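User: I'm new to reading protein models, and I'd like a close look at one part of this one. Please pick a spot and walk me through it slowly, following its connections outward.

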Amino acid sequence: NVISSMTFDLTYDTRDNVFNPTKGYLLGGSFTDAGGIFFGDKNFLKGTGTIVWYYTFFEKVVLELKGRGGLVGPYGDSDEVPIYERFFAGGANTIRGYKERRVGPRDPGSDEPIGGEAIMLGNAEITFPLYEKVLKGAVFYDIGNVWRKVDDFIGSGDYKMGAGIGVRVKTPIGPVKVDWGYPLVKNHDDDKTGEFYFSMSRGF
């Protein structure tokens, strides 16, 4: 497929540090129109929003609260949103405790994730120093879900939740995140076991 689109982004940022914030907040939103007057093979509208707030207490303990949401839907001659433009959740950057991209709708035959037209995520994380300037600890709680259709999201109380602990390690190649999350709510027929995540952090 050929996707032809235009995206409008707006961000308001009061954080004290882009890479390692300790206070302030970030508001962001985007709107995409694909197809229609821009031609292309697929027609869809997509909107996302993000709000993040940071607060430091006891001098070095940082609380991060984050909320994210998004809607996407086809219009015109298109009946479906392309799978690569849908939303997915589960994993290191969305809902820890679940396997990557495994939260949300799945194909009934293959059990593979197919994404959805609506997503809502919430994250709360506290980080604190374990060894000055080298190692930090973290505790977190994540909640959210992905819905196949926008109509399924409206009024739904179906949310997946995960909680866990982690460390942030300063390395020569950049900060590394190591998290362990446990699913608090059953997800399809998946085993309810904890998951480890390794990823690069935005700062230290």
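Analyst: Let's begin with a definition: two strands count as a pair if DSSP finds at least two bridges between them. Strands themselves are DSSP runs of at least two residues, numbered from the N terminus. Keep in mind that you are looking at a predicted model.

With that in hand, go to the hairpin of strand 3 and strand 4. There are 3 residues between the strands, and Phe58 takes a positive phi near 50° there. Strand 3 covers residues 44–57, and 14 bridges join it to strand 4, with the two running antiparallel. One of the residue pairs you can look for is Trp53 with its bridge partner Leu65 in strand 4.

Now move to Glu64, which lies in strand 4, residues 61–74. Is Glu64 buried or exposed? Its relative accessibility is 10%, and buried means under 20%, so Glu64 counts as buried. Its side chain makes a polar contact of 3.4 Å with the side chain of Tyr54. Beyond residues up to four places away in sequence, Glu64 touches Val52, Trp53, Tyr54, Asn123, Ala124, Glu125 and Arg202.

Tyr54 leads us to another residue, because Arg15 also appears among its neighbours: Arg15 touches Tyr54, along with Pro21, Lys23, Gly24, Tyr25 and Leu26, when residues up to four places away are not counted. Arg15 sits in the loop between strand 1 and strand 2. Arg15 is buried, with a relative accessible area of 19%, and its side chain makes a polar contact with the side chain of Asp13 at 2.8 Å.

Back at strand 4, look towards strand 5, residues 118–131: 10 bridges join these two strands, and they run antiparallel. In strand 5, the bridge partner of Glu64 is Glu125. From Glu125 we can step onward, as Arg168 forms a salt bridge with Glu125, the closest N and O atoms being 3.1 Å apart. This pair links distant parts of the chain: Arg168 is in strand 7 and Glu125 is in strand 5, 43 residues apart. Both residues are buried. Elsewhere, salt bridges that share partners join Glu80, Arg86, Glu117, Arg148 and Lys149 into one network.

Strand 7 has its own partner to explore. It covers residues 160–169, and 10 bridges join it to strand 6, residues 135–147, in an antiparallel arrangement. Gly137 has Val167 in strand 7 as its bridge partner.

Finally, let's zoom out. 9 strands form an open sheet in the order 1-2-3-4-5-6-7-8-9, with antiparallel pairing. Strand 1 (5–13) and strand 9 (195–200) stand at the edges, each with a single partner strand, so one side of each has no neighbour in the sheet. From one strand to the next, the twist averages 15°.

A last stop is Tyr197, in edge strand 9. At 6% relative accessibility, Tyr197 counts as buried. Its side chain reaches the backbone nitrogen of Gly97 at 2.7 Å. Tyr197 is also in contact with Arg96; the two are 101 residues apart in sequence and 8.1 Å apart in space, C-alpha to C-alpha.

How values were computed. Residues numbered from 1 in each chain as written. Predicted model: local features only at pLDDT ≥ 70, side-chain atom pairs only at ≥ 80, totals over all residues. Heavy atoms only, no water. Helix = DSSP H or I, 4+ residues; strand = E, 2+ residues; numbered from the N terminus. Buried < 20%, exposed > 50% of the residue type's maximum accessible area, 1.4 Å probe, protein only. Polar contact = N/O pair within 3.5 Å; in protein donor to acceptor, adjacent residues only side chain to side chain. Contact = heavy atoms within 4.5 Å. Axes fitted to C-alpha atoms, helices over the stretch in contact; angles between N-to-C directions. Salt bridge = Lys/Arg side-chain N within 4 Å of Asp/Glu carboxyl O.
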